[in-house]
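Here's a quick briefing to read alongside the model. Have the sequence and the 3D view open, and we'll go topic by topic.

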Amino acid sequence: MKNVQQAIELILPQLQRYLQESRDGELGAVALPPLRELAERLSVRQWIEQGGMDEEALRCFLQDFLPATTKLHAPGFLAHQTCASSTGGTVGALLDGCINNPMNIYEMGPATAAIEYVLINWLLEQCGWRPAPWPRDRKPDDHSGAGVLTHGGSLGNLTALLAARSHAVPDAWENGVPADLVVLATPQSHYSVARSCGLLGLGRRQIEPLAVDEHGVILPERLPAQLDALREQGKTIMAVVANACSTAAGLFDPLRPIGEICREKGVWLHVDGAHGASFLLHPQLRKRLDGIELADSLIWDAHKMMQTPPLCTAVLVRQARTLDQAFEQEASYLFHEKRQPGFDFMHRTVECTRAGQALKWFFTLAEKGPDALAEDLAYTVDLAHQAWVWFGQQDDFHCPVEPQANILCFEHRGSDPIAVRDALIEEGDFHLSTTIYQGKRWLRLVVMHRNTTLDTIRQLAERIRALGSP
Ligand SMILES: *Cc1c(COP(=O)(O)O)cnc(C)c1O
C-alpha cells in the first residue's frame, strides 16, 4: 500500500456503507461460518506468508471480511455488553494506531498522557472524589484520588483488587499472601473477580459469599455481623466487592449502606462498575450508584456504555496512595529518577507498553459530550424496561426480575434457551446471549443503542414463537 491516505480513502466508502447497512439491519447481526471455511475464503495464510496486499487487494479482502463480522450497530445485536463505536472514538482508535504512542511513560506520548491525566481527574469528580493535582504543583495526599486506564474490566478488577491487597497486606510482594486473607463477593459477581483473587494468590475458599436477597442483591443489614464473624475467626478482610451492576441481570447493590458499613469497619469497598459506572453521568440513573463516594475503588468500562472502541477501562481509587503502592517491583530502566515534566502511569498497571486508550474515550466525549452520551444510555435502559413490561403482557413469555439497567433476562415458556439462541444465530437477524440466574438458564438481551426499538423486541418475540412451534 502506498500510504495511509490512499489506503483509507479507498476503504472509507466501504466502511461507511457497512455502518449504514448495519444500522438499517440489512446485514443482519451475526453470521458464524465455520472457522476453516472462513480462513480459506480470506486466504489468511497466503497473506501472512506472502504479503503484497495493495489497495485494490485490500478492497477485495474487505468484501469477504466485513460480512463475516458481528454487526454491533445492528438493531438485532442484543448479545453482549459491547458498544457500537462512536465516530469520535473511531477517529481516536485510528489516531492511536497511526501514531503508536504507548504513553505509560510520559516520554512515549506526552499528548496522550495529558489527555489520560485530565480524563481520569474528570472521572474521579463524577464519583465525588477529589482529582489529583497537576503533577508538578504538589504531591498527591490522602485527600486526592488517582486512576489509570487498563485494557478491559477484567484487568481493571485485578488492578483494583491488587491495590486492596497492598492496603490489607503491605508486605505481600515480599512475603506472599497469608492464608487467612479473605474477599467478600456475591455469586452475581463477574467471574473476573474470582479469577483476580486466584491470580492474587487467594484460593476459592478465601472468597466468602456475601449475604444476598432473592434477586442476588447484597443485604447490607447482614454485612456487619458477617464482617465481625470473620474477624473473630482471625481472618484479614481484603475487600468487599459490590456490583454496579451485575453482569447476568444488571442489578445494582445498595452502595450507600454497604459503603457506610465498610467505612465504619475499616474495610476496603471495591465497586465493579464495568457496566454501570456510566450511569453516574445521568442525573436520574446516577441514583443507582448513590453512595459511590464511600467506596475505595471503582472500575468503569468505556467500551460498554460509553460508545468507546475497545478496550478502555478506568480504574479509579479514592486515595492516590493506594494505587501508587499497588505494585511494588521496580524496573530500573523505566522507574528511575529523571527530569519529569509530565507523569508516568507505569507504576499503576500490569502492562508495560500500553496503547493510548484515552484517545478513544476522549474523542467520544469531545464529539458527543457527556449529556448526550447519558441520554443515549437512558434510552437503552428505558427500552429494556419497556421490553420487560411488554413481555409481562404476553402469556408465553416471562422475566425473572424487573431490570434496573439495559439488561433483561427472559424466557419463552417451553423453549430451551440454548436451542432458541442457536436457531436465531443461524438465521442471523438477532443475536442474544443466555445466562444462569437464580440457578436457571435464561435468554438474555442487552439493549446497546438507539437502532434497537420496541418493534425490534416484538419482532424478536415473533421469531422465537415461530421457532418454538413445530
Ligand atoms: C463486562 C464486565 C466485566 C469485565 O469487563 P471486560 O472489559 O469485559 O474485561 C467485569 N465486571 C462486570 C460487572 C462486567 O459487566
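**Helices over the sheet**

Helix α7, residues 153-168, lies across β1, β2 (181-185), β4, β5 (269-273), β6 and β7, and runs at about 150° to β4. Keep in mind that this is a predicted model. The strands α7 crosses belong to an open sheet of 7 strands with mixed pairing, and the bullets below start there before moving on to the ligand, a buried aspartate and some backbone oddities.

**The sheet**

- Reading across the sheet, the strand order is β1-β7-β6-β5-β4-β2-β3.
- At the edges sit β1 (146-150) and β3 (207-209), each of which pairs on one side only.
- Ignoring direction, neighbouring strands in this sheet are turned by 20° against each other on average.
- As a reminder, strands of a sheet pair through backbone hydrogen bonds, either parallel or antiparallel.
- For β1 and β7 the pairing is antiparallel, over 5 bridges.
- If you want a spot to check that register, look at A146, which stands opposite V317 in β7.
- Another helix to look at here is α6, which lies across β1, β6 (297-301) and β7 and runs at about 115° to β1.

**The ligand site**

- The ligand is surrounded by 15 residues, and the closest are G153, S154, D272, D301 and K304.
- Two of these names tie back to the elements above: G153 falls at the start of α7 (residues 153-168), and D272 falls within β5 (269-273).
- G153 uses its backbone: one of its polar backbone atoms is 2.7 Å from an oxygen atom of the ligand.
- D272 uses its side chain, with a polar atom there lying 2.6 Å from a nitrogen atom of the ligand.
- Q81 also joins in, as an N or O atom in its side chain is 3.3 Å from an oxygen atom of the ligand.
- How much of the ligand does the protein bury? Taken alone the ligand exposes 380 Å², and the protein buries 86% of that.

**D376 and its partners**

- D376 lies in helix α14, residues 358-393.
- Is D376 buried or exposed? Its relative accessible area is 15%, so D376 counts as buried, the cut-off being under 20%.
- Leaving aside residues up to four places away in sequence, D376 touches Q307, K368 and R450.
- With Q307 there is also a polar contact of 2.8 Å between the two side chains.

**Backbone oddities**

- The peptide bond from A244 to C245 is cis, with omega near 0°.
- C245 lies in the loop between β4 (236-243) and α11 (255-265).
- P310 and L311 are likewise joined by a cis peptide bond, here with omega of about -20°.
- L311 is placed in the loop between α12 (302-305) and β7 (313-317).
- S43 is not a glycine, yet it has a positive phi of about 50°.
- You'll find S43 in the loop between α2 (35-41) and α3 (44-50), where it counts as partly exposed because its relative accessibility is 22%.
- N100 isn't a glycine either, and its phi is positive at about 45°.
- N100 is in the loop between α5 (87-99) and α6 (110-126), the latter being the helix that lies across β1, β6 and β7.
- Which class of exposure does N100 fall into? At 54% relative accessibility, N100 counts as exposed.

How values were computed:
Residues numbered from 1 in each chain as written. Predicted model: local features only at pLDDT ≥ 70, side-chain atom pairs only at ≥ 80, totals over all residues. Heavy atoms only, no water. Helix = DSSP H or I, 4+ residues; strand = E, 2+ residues; numbered from the N terminus. Buried < 20%, exposed > 50% of the residue type's maximum accessible area, 1.4 Å probe, protein only. Pairing = 2+ DSSP bridges. Axes fitted to C-alpha atoms, helices over the stretch in contact; angles between N-to-C directions. Contact = heavy atoms within 4.5 Å. Near = heavy atom within 4 Å. Polar contact = N/O pair within 3.5 Å; in protein donor to acceptor, adjacent residues only side chain to side chain. Areas by Shrake-Rupley, 256 points an atom, 1.4 Å probe, with all protein chains shown as cover.
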